[in-house]
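This report walks through a protein chain from its helices to its buried core and a few individual positions. Please keep the sequence and the model at hand while reading.

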Amino acid sequence: MTRHNTISRDQCEDAPRGNAQRQPFSFGRFLKTLGPGLITGASDDDPSGIGTYSQAGARFGYGIGWTMLVTFPLMSAIQEICARVGRVTGRGISGNVSRHYPPWLLVAVVALLAIANTVNIAADLSAMADATKLLVGGPAILYVVLFGVASVAAQIFMNYKRYVAVLKWLTLSLFAYVAALAFARVSWHEALAGVLVPRISWSADYLTTIVAILGTTISPYLFFWQASQEADEQRVDVTKHPLIVQHYGAQREFSRIRADTITGMAFSNLIALSIIVTAAASLHATGKTDIQTSAQAAEALRPIAGPWAEVIFALGIVGTGLLAIPVLAGATAYAVGEGRRWRVGLTRRPRRAIAFYSVLALSGGLGIVLNFTPIDPISALYWSAVVNGVLAVPVMVLLMLMARREDVMGRFAIRGLLYWLGWLSTGAMALSVIAMGIMQFV
């Protein structure tokens, strides 16, 4: 199916609509306003992330749950800043960097992002294939190809609005991990204490897990995706213009972005906490602490929590993978395309943005191919996490500097509490990378 033609913005002026009455709150209307923030938050819980949270819960039990409470305001702030940059300028992060910073910096950032995202795609496909094999049997490599091709094809050939609707529906797959709690014998008193009262151990193992959780919740591909999606929405909605060009309705848009982002990040952390608690109750409590992947976590639940917990967990891995892989490949395509100033966007027909879609397909294709090589995708995922962690710091610094520049953001330069929360998030990420570096030599 091909995309609908978008209407030129010149045909529509975003003029004030008079004294329209404020409509009463409607939950259905609120759900319709959710988009980039919700999808970004949900895609954060990809199969590799599920593996990280499962490992954390299995190894350290309920006591690691406090990390979800701490990371929530940090990831919400940095993602809201990304979204504002996209909405105000009409460009993603890469598009703005290409116009305001040296070319070598853009090349370095985009190259590292592309490498990390491609390895992450490979690892996610591997986890999805293993989970499907647990459910129905058959050759895992066949599922790698099917999932990879289906994810890329959907981005290229589906109508944009329908495709976004599919991604929204896929976020429901994450509730599998809330359902899995019903099959685990959770000590709710201990679980609540683990969230509210940090119990920090200064062991290398514990600190490595903290770094992994930070690297999973605050990832560069999420920055690029949400900013570019906000810019992309302006191509399909004729009533939207970059706010730096047309100021009307800015506060309403910022309120929408905040609600969308907070909802998405809260959803992401709720699911992550559910995975940690399920692993703590089912695995850590019975001494099963050596869990390396999300598929292993699903398999390990069977003798402890019953087959239904295993099935629910495995289905969640497949659903989250189908959500995350398009975001990973799409983030790479946006970063490369905007940096090269190509026509970009999932709102465009393939023949109008051939280079953009070629990069998207290449990223997904390389993720598939990596599963045919001797490289272990799960081992490679560790190194992609290192690259992501290292890359996140300069990208976040760039983002914070860019968000304050009036030649980029005009009157909408980021200030106040949001600005300082963004720097706090950047500092936390920098400390985690430093800790990661120190632990490599200890």
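## Helix α3 and the residue after it

Directly following α3 comes G61, a residue whose phi is positive, near 70 degrees. The model described here is a predicted one, and the values below should be read with that in mind.

Helix α3 itself covers residues 47-60, and because its 14 residues at 1.5 Å a residue should span 20 Å, the 20 Å found between its end C-alpha atoms agrees with that expectation. The helix is mostly covered, with twelve of its 14 residues buried. The buried positions are P47, S48, G49, I50, G51, T52, Y53, S54, Q55, A56, G57 and A58.

## The chain as a whole

The protein chain contains 19 helices and zero strands. Of its 442 residues, 57% count as buried. Among contacts between residues at least 6 apart in sequence, 83% join residues that are at least 24 apart.

## How α4 meets α11

Two packed helices are described by the angle between their axes and the distance between the axes. For helix α4 (residues 66-89) and helix α11 (residues 204-217), the angle is about 35 degrees and the axes are 11 Å apart, and α4 passes α11 in a right-handed crossing.

On the α4 side the contact is made by W66, T67, M68, T71 and M75, which meet Y206, I210, I213, L214 and T217 in α11. By residue class, this contact of α4 with α11 divides into seven nonpolar, three polar and no charged residues.

## The nonpolar cores

The largest nonpolar core has 120 residues, and those with the most contacts inside it are I218, F223, F224, F313, L346 and F356. Helix α15 (residues 307-339) supplies the largest share of this core, namely 16 residues. Another core lies apart from it and has eight residues, among them L181, A184, V186 and A191.

L346, listed among the residues with the most contacts inside the largest core, is found in the loop between α15 and α16. L346 counts as buried because its relative accessible area is 1%, which falls under the 20% cut-off for burial. The C-alpha atoms of L346 and M158 are separated by 9.2 Å, although the two residues are 188 residues apart along the chain.

## Helix α16 and the loop before it

The loop between α15 and α16 (354-370) also holds R341, a residue other than glycine whose phi is nevertheless positive, near 60 degrees.

Helix α16 has 17 residues and reaches 24 Å from its first C-alpha to its last, close to the 24 Å expected at 1.5 Å a residue. Its buried residues are F356, Y357, V359, L360, S363, G364, G367 and I368, and what covers the buried residues of α16 includes α6 (103-136), α7 (140-157) and α15. F356 therefore appears in two descriptions, as a buried residue of α16 and as one of the residues with the most contacts inside the largest nonpolar core.

## Three individual positions

Y177 is found in helix α9 (residues 176-180) and, at 1% relative accessibility, counts as buried. Leaving aside neighbours within four places in sequence, Y177 is in contact with I50, I271, S274, I275, T278, F313, G316, I317 and T320. One of these partners, I275, is 98 residues from Y177 in sequence and 6.0 Å away in space, C-alpha to C-alpha.

G194 lies in helix α10 (residues 188-196) and is buried, with a relative accessible area of 0%. Beyond its neighbours within four places in sequence, G194 is in contact with Y62, G63, G65, W66 and R199. The C-alpha atoms of G194 and T67 are separated by 9.2 Å, with their positions 127 residues apart along the chain. W66 and T67 are also among the α4 residues that meet α11.

Is I438 buried or partly exposed? This residue of helix α19 (residues 416-441) counts as partly exposed, at 49% relative accessibility. The C-alpha atoms of I438 and A204, which are 234 residues apart along the chain, are separated by 9.7 Å.

How values were computed:
Residues are numbered from 1 along each chain as its sequence is written. This is a predicted model: local features need pLDDT of at least 70, side-chain atom pairs count only at pLDDT 80 or more; totals for chains, interfaces and linings use all residues. Side-chain values use heavy atoms; hydrogens and water are left out. Axes are lines fitted to C-alpha atoms, for helices over the stretch in contact, and angles run from 0 to 180 degrees between N-to-C directions. Helices (H or I, at least four residues) and strands (E, at least two) are DSSP runs, numbered from the N terminus. A crossing is left-handed if the near helix is turned anticlockwise from the far one by less than a right angle, and right-handed if clockwise. Contact means heavy atoms within 4.5 Å. Ala, Val, Leu, Ile, Met, Phe, Trp, Tyr, Cys and Pro count as nonpolar, Asp, Glu, Lys and Arg as charged, and the others, Gly among them, as polar. The expected span of a helix is 1.5 Å times one less than its number of residues. Buried means under 20% relative accessible area, exposed over 50%, partly exposed in between (1.4 Å probe, protein chains only). A nonpolar core is a set of buried Ala, Val, Leu, Ile, Met, Phe, Trp, Tyr and Cys residues joined through side-chain atoms within 4.5 Å.
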